Amino acid sequence: CTPIVELRGNLPPPEQLSQVVVGKSSRDDVQSLLGTPSNISPFDDDAWYYVSTVTERVSFFEPDIKERKVIAVLFDRSGTVRALETKGLAEGHDVIPVGRETPTAGQEMTILKQLMGNLGRFSKPAQGQ
Amino acid sequence: DDGGRVRSVVVQGTQRIEAETVKSYMTITDGDQFDTERVNRSLKALFNTGLFADVAIRREGDQLVVRVVENPIINRIAFEGNRKIKEEQLSSEAQLKSRTVYTRSKVQADVKRILDLYRRNGRFAATVEPKIIQLEQNRVDLVYEISEGDPTYVRRISFVGNRRYDESKLRETLQTKEERWYRFLSTDDTYDPDRVTYDRELLRRFYLKQGFADFRVASAIAELTPNREGFFITYTIEEGERYRFGKSTINAGLRDLKPEELQPIIVSREGDWYNADQVEDIVQKLTDAVGTKGYAFVDIRPQVNRNRETKVIDVTYDIQEGPRVFVERIDITGNVRTLDKVIRREFKLVEGDAFNTAKLRRSRQRLKDLNFFEKAEVTNVPSETAPDRTVIKVEVQEKSTGELSFGVGWSSQIGPMIEASIRERNLLGRGQDITLSSMLASKRTQLNFSFTEPYFMEREIAAGFDAYAITRELTDESSYDSRTIGGNLRLGYQISEPLRQDWKYTLKQDKVYNVTSTSIYILDQLGSRVTSSVTTGMTYDKRDSRIEPGEGYFIRVGAEGAGLGGDIHFVRGTLSGGQYYTLDDQVVLALTTNNGYIVGLGERVHITDRFFVGGDTLRGFASAGVGPRDKTTGDSLGGVWMVTGSAQVKFPIGLPDEFGVSGQVFTDAGTVGSADVENSNGVQQGSSLRMSSGIGVSWKSPMGPVSLDLGVPLMKESYDKTEFLKFNFGTKF
Amino acid sequence: CADKKEDYVEKPVEELYNGAMDLMDKNEYQRAAKQFEEVERQHPYSAWATKAQLMSSYALYERNKYDEALIGLDRFIQLHPGNKDAAYAYYLKGLCYYEQISDVGRDQKMTEQALKSLQEVVDRFPASPYARDARLKIDLSRDHMAGKEMSVGRYYLSTKQYLAALNRFKIVSEQFQTTSHVPEALHRMVEIYTILGLEDEARRTAAVLGHNFPGSDWYQDSYAISVEGDHDPSKSLQQTSWTDSLAFWSDGKKKAPPPSEDPAKTSGGWFNWAKFW
């Protein structure tokens, strides 16, 4: 059976990308050519990233990432493009995310509360809100 | 008379409300300039609070005197004359509560709310009279005198302009039904304007599905009968011509997208009747195919061009580049119980993806299929932060997914029975399914607990476990009782849309006891055994519906190996299938088959694992009526293989469709293999073909499904046990 | 029929009021609420009626009957906006929503409403004794909203949707800077930037994390990844095992610490201003 191929994220078309000129294009040029970036570097907004992945999914197996492209548009202080880099899947690393989580509070749903909640919550429409 | 300063504002006539409260609502205070404009604004403000029946402000020297008459306080609210709608529901609908301020406008608004409530319950003849009883200290009692009148039923639904289909056929497509005595359980026969508008849509979709592309509902009028008892609803429709499919072409407006590759997706053949649902289904499939080819931004619109003379419709699927818009965020609200990820994982779109309307439609459908929600609205709104981004808003309203059901019934195989089950389909809001069910019958008791996690390890794998205890009293068939206690771990996934595979590990103990016959073949099966086995199955299902299939086919293949530990070692194969044809309106031919084969690995196959045929599997024969039998005692011993087949035609028997009665005529056939015992000279066995045919009737009564089958064996062995009548009735409420 | 009809015998207001107060002391909040409503019904124009109105809402709140308490409080605020107890009425409204905040996996409507009404307390009555606790609860509610963003971010991370996860964690680091989730958000960004191959972005983010939260475990993990190049800092001892997703009897993840004993709820707490009357 044929795998399902999915394109995720934002892959700017090559002909638009070629019009971004290092040393000349400004932020507005890049915005109009490539659209809003998928991610802007935190804190100082001097790097725009266009991230896209192509995955192949066979029924329930985890989709395996066929190709990933991270197009980095770096700006200098005056706001013109100083560098244009592309990172492929090869440059990526396999990081195992840490399992720890910052705790949060809030009423956890218990089985009993669900059975009770079931009867109360849905029978009367929430007034007011 | 402006000018001069207000030395002080004096409030008179307040009883319950403090003077500061009155002053706090006014826009003019001590020390301000006199200014009639601000006085008027204060006057208006005080009235707007709704606290006062009357307000007067006048100037006395340099004092501003504010005279107020407070609105009375409602002491108690009562409803009289309400039978159908309980007081609790009425008081929650009315905004006025006891101990709040009484105003005429609020009372009128509540009267209207109560009337709306009655209208929604189909009571258009209801009247509501508010009565005020003065009490001392400016308090009042408020009494609503209600006369409910009779429910306004829908007396008759008639159609004008229907040539192709008769009125009863069209009435079946509507949700609103005419008033009937057997509809005391349902409210479908009360008049509800919203439901009539929904019926217009149902009518349109029905005709478009049959090919009437020009269909139009000219008008849908509901007239109240003179005695205000009921409504006549008349639909004036223009059927227009019935069209056939002409040529279906693809107009690919995308760079180097070759239409030929997509052509196989279009299943509508030239000459078939035109079908709007099929066109929408094709649009969905085209979007997926184009998406797989890497085109993220695609907008597919079917252009339907009619040719009135030849009554043919050519459909052109116009594939254009969609707007380059990305999904910024998916915000889910209203999930008071369901976890955010249980909803988010159903989405075909992920934040940051290219936005696509077809994927949004599919996500909305997947969310509805969960059947956790009363309402699931999925919309997208432009984002404020960037022009080429959109935010998907998901607003859900959950419904109770707990099911508590009881059932009573009777069947010729296991006699009278009662069953009870409790099920929660969205346990702890995690989408997990948990069921505890029990059944008590004269010849069988069963207790079953099962748990399923639909997204095991975050993937679309349904994993779960069951635990069960079953006791069977098989004295009539083979004069022994058996008890099975066990559990299994299971795993299932969809390989492709129709193809599904599942795995199961079973660990159970079978005990044969209380043998009441002298048959050596039964006696040597006494005692208990442990079976530990792994089963795998593949199902290819192309039926149009699982509950009442009318078209398509399914095939199921299973293989089981027992022997990973435990006392039993065997290999068992099963093959079952079915093909369905809709011959005419609601006449369905069903061809089904069920086969199995078991072979012991270096040991005899135990009686509880052998195949028995008869009863449900071969009508006309008693349960376990076919197969090897002890010559002397007549106990059925079961066989190592079985083959059964059935051909059945189901047809309406002329009664109106809502009765839910249908007749069936059937022919069943089948046989069983040998009993795999040491010395078989004491056994009567033979694998000749047994066959029976007969008629039956099944009725989806308000009390539950009832089915009666009369089967006449045509070919049988002398030692088979037959059973002419098979009846079972089961109700769930 | 409805609960047994109490005999609404007319009694002098002091007797009714004090009777209700005794019920409060005996933690008979349900009956106390009924009795306070009687005070207001029988003597709507006495000074006691105003106090009784607020006390009945307070009693309902103690019985966790939040919806009814909210209706009573809204009525009190509409009738007596200038009353000196209006601050407490607004504060109690905030508490009614605050205590219905559900865990981060579910709809945060209650959190939003708690934030709105607690903010009203701080804006209208900055000097009142309740403003301080309201500010504390506002921070806790904002922390909870950040927790929701984090939980969605972690979901996307677990299904390898790195771009979606990255932007969720970025929102926490920018719009919820005063919450307890910022260190983890920054660390997750380091993880994802490394995965995407943007090592210098990862290093810069790790530096910001180290500068602001030097002692935190998250910084050690980020340091390990971005500086030492160790891509499995927790040495996969914390792997989510397959039993996690089957666990329905107990929540797979660690239990959150029980919410601190809420001063408003304890009858002995300084909140029991009823004693001042």
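What follows is a working chat about a predicted model, taking up two chain interfaces, chain A and one residue of chain B.

Me: Starting with chains C and A, how many residues does each give to the contact?
Reply: In this predicted model, chain C brings 58 residues to the contact and chain A brings 40 residues.

Me: And what area is buried there?
Reply: Between chain C and chain A about 4,300 Å² is buried, and carbon and sulfur atoms give 55% of that area. The accessible area lost when the parts come together is often used to state the size of an interface.

Me: How many salt bridges cross it?
Reply: The rule finds 4 salt bridges across the interface of chain C and chain A. One of them pairs Arg154(C) with Glu101(A), where the closest N and O atoms are 3.9 Å apart.

Me: What about polar contacts, and which helices of chain C are involved on that side?
Reply: For polar contact, the rule finds 15 residue pairs across the interface of chain C and chain A, with both residues at pLDDT 80 or more. On the side of chain C that touches chain A, at least two residues each come from α6 (109–124), α7 (129–158), α8 (162–175), α9 (182–196), α10 (199–212) and α11 (217–226) of chain C.

Me: Which of those gives the largest share?
Reply: That is α9(C), which supplies 10 residues, the largest share of the side of chain C that touches chain A. By residue type, that side of chain C divides into 20 nonpolar, 17 polar and 21 charged residues.

Me: Switching to chains B and C, what are the residue counts and the buried area?
Reply: Here 51 residues of chain B and 39 residues of chain C take part in the contact. The two chains bury about 3,800 Å² between them, with 52% of it on carbon and sulfur atoms.

Me: How many salt bridges and polar contacts are found there?
Reply: Across the interface of chain B and chain C the rule gives 4 salt bridges, including one in which the side chains of Asp340(B) and Lys148(C) meet at 3.6 Å, N to O. There are also 11 residue pairs in polar contact across the interface of chain B and chain C, both residues being at pLDDT 80 or more.

Me: Which elements of chain B make up its side?
Reply: The elements of chain B that give two or more residues to the side touching chain C include α1 (19–25), β4 (73–80) and β13 (326–333), along with α9 (340–344). The largest share of that side of chain B, 5 residues, comes from β13(B), and the side as a whole divides into 19 nonpolar, 15 polar and 17 charged residues.

Me: Quick one on chain A itself: what is it built from?
Reply: Chain A has 3 helices and 5 strands, and from the N terminus on these elements run β-α-α-β-β-β-β-α. Of the 129 residues of chain A, 40% count as buried, and the accessible surface of chain A comes to about 6,800 Å², with 59% belonging to carbon and sulfur atoms.

Me: Last topic, Asn488(B): where is it found, and why does it count as buried?
Reply: Asn488(B) is found in strand β21 (residues 481–494) of chain B. It counts as buried because its relative accessibility is 9%, and the cut-off for buried is under 20%.

Me: What is Asn488(B) in contact with?
Reply: Leaving aside neighbours within four places in sequence, Asn488(B) is in contact with Gly464(B), Phe465(B), Asp466(B), Tyr468(B), Lys504(B), Tyr505(B) and Thr506(B).

How values were computed: Residues are numbered from 1 along each chain as its sequence is written. Chains are lettered from A and ligands numbered from 1 in the order in which they are written. This is a predicted model: local features need pLDDT of at least 70, side-chain atom pairs count only at pLDDT 80 or more; totals for chains, interfaces and linings use all residues. Side-chain values use heavy atoms; hydrogens and water are left out. Contact means heavy atoms within 4.5 Å. Buried area is the accessible area (1.4 Å probe) that two parts lose on being put together, summed over both. A polar contact is a pair of N or O atoms within 3.5 Å; within protein, one must be able to donate a hydrogen and the other to accept it, and residues adjacent in sequence count only if both atoms are side-chain atoms. Helices (H or I, at least four residues) and strands (E, at least two) are DSSP runs, numbered from the N terminus. Ala, Val, Leu, Ile, Met, Phe, Trp, Tyr, Cys and Pro count as nonpolar, Asp, Glu, Lys and Arg as charged, and the others, Gly among them, as polar. Buried means under 20% relative accessible area, exposed over 50%, partly exposed in between (1.4 Å probe, protein chains only). Accessible areas come from the Shrake-Rupley method with a 1.4 Å probe; for residues, only the protein chains shown count as cover.
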